[in-house]
Amino acid sequence: MKKKTLVSWSSGKDSAWLVHVLRRDPDIELAGVLTTVNETHHRVAMHAVREELLEAQADALGLPLWTVPIPSPCPNEVYERAMAAAVARAVGDGFTHMAFGDLFLEDIRRYREEKLAGTGLTPLFPLFGADTAKLARDMIAGGLKARLTCVDPRVLDAKFAGREFDGALLADLPHTVDRCGERGEFHSFAYAGPMFSASIAIESGEIVERDGFVFADVLLLAAPAER
């Protein structure tokens, strides 16, 4: 039997590439993407992506979108309670696995494994252990298009906010910054690539500094344009 899988979806490039990888696995049945959303501002935490953009991504993926509303700030116990309810719903709907786009942070992986232990959902980490410099190049060469929506100015200049995730960006990143931003140096919004049936037409919004991070807003320009 195929593994009925729910994808932990951040709206960024790693999640998008994860879907691309999973779709090439004949043992996997992708059946939904799950995202936590700030219940006040209707945006993805950290990525600051608007909920209507999430919906456009899900439409282009051809997968149901599961949103889990959480407050901001969100105490860890509130987050875990909300996620536990989502996991229980997934198990009730026949899901057997949940896939994550984590790349090399062992503590994050262990946390996910511990929280899913005994729930009926088995965690999957198809990208874990990848060479992130090569992975970044592979994403770009494979047609993935994404835009940086959040930058941590403590480790990366604020001018990178709003830039395209492309070869020029990789060349300009300081050598201390992971090419996939796995340590939280930056976050992104994926809007085109082989995982989508159509690209998502977007335009750049304002750039603001808030809570110690620099955010570049992304706006939905129109209905997705056929590739």
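In this predicted model, Phe165 is in contact with Lys13, Ala136, Met139, Ile140, Ala146, Leu148, Leu170, Arg179 and Phe186, when its neighbours within four places in sequence are left aside. Phe165 also belongs to the largest nonpolar core, which has 51 residues. Within this core, Phe165 and Trp9 touch the most other members. Several helices supply at least two residues each to the core, namely helix 1 (13–23), helix 2 (51–61), helix 5 (132–141) and helix 6 (167–172). At least two residues each also come from strand 2 (28–38), strand 7 (145–151), strand 8 (186–192) and strand 11 (213–220). Another core, of 17 residues, lies apart from this one, and its members include Val68, Met83, Phe100 and Phe128. In soluble globular proteins, nonpolar side chains tend to be buried together.

Strands 7, 8 and 11 also take part in an open sheet of four strands, arranged in the order 8-7-11-10 with antiparallel pairing. Strand 8 and strand 10 (202–210) form the edges, each pairing on one side only. From one strand to the next, the twist averages 30 degrees. Strand 7 and strand 8 run antiparallel and are joined by six bridges. Cys150 has His187, in strand 8, as its bridge partner. Helix 2 packs on the sheet, where it touches strand 8, strand 10 and strand 11. The direction of helix 2 makes about 60 degrees with that of strand 11. Helix 2 thus appears in both parts of this description, as a supplier of at least two residues to the largest core and as a helix packed on the sheet.

Key:
Residues numbered from 1 in each chain as written. Predicted model: local features only at pLDDT ≥ 70, side-chain atom pairs only at ≥ 80, totals over all residues. Heavy atoms only, no water. Core = buried A, V, L, I, M, F, W, Y, C linked by side-chain atoms within 4.5 Å. Buried < 20%, exposed > 50% of the residue type's maximum accessible area, 1.4 Å probe, protein only. Contact = heavy atoms within 4.5 Å. Pairing = 2+ DSSP bridges. Axes fitted to C-alpha atoms, helices over the stretch in contact; angles between N-to-C directions.
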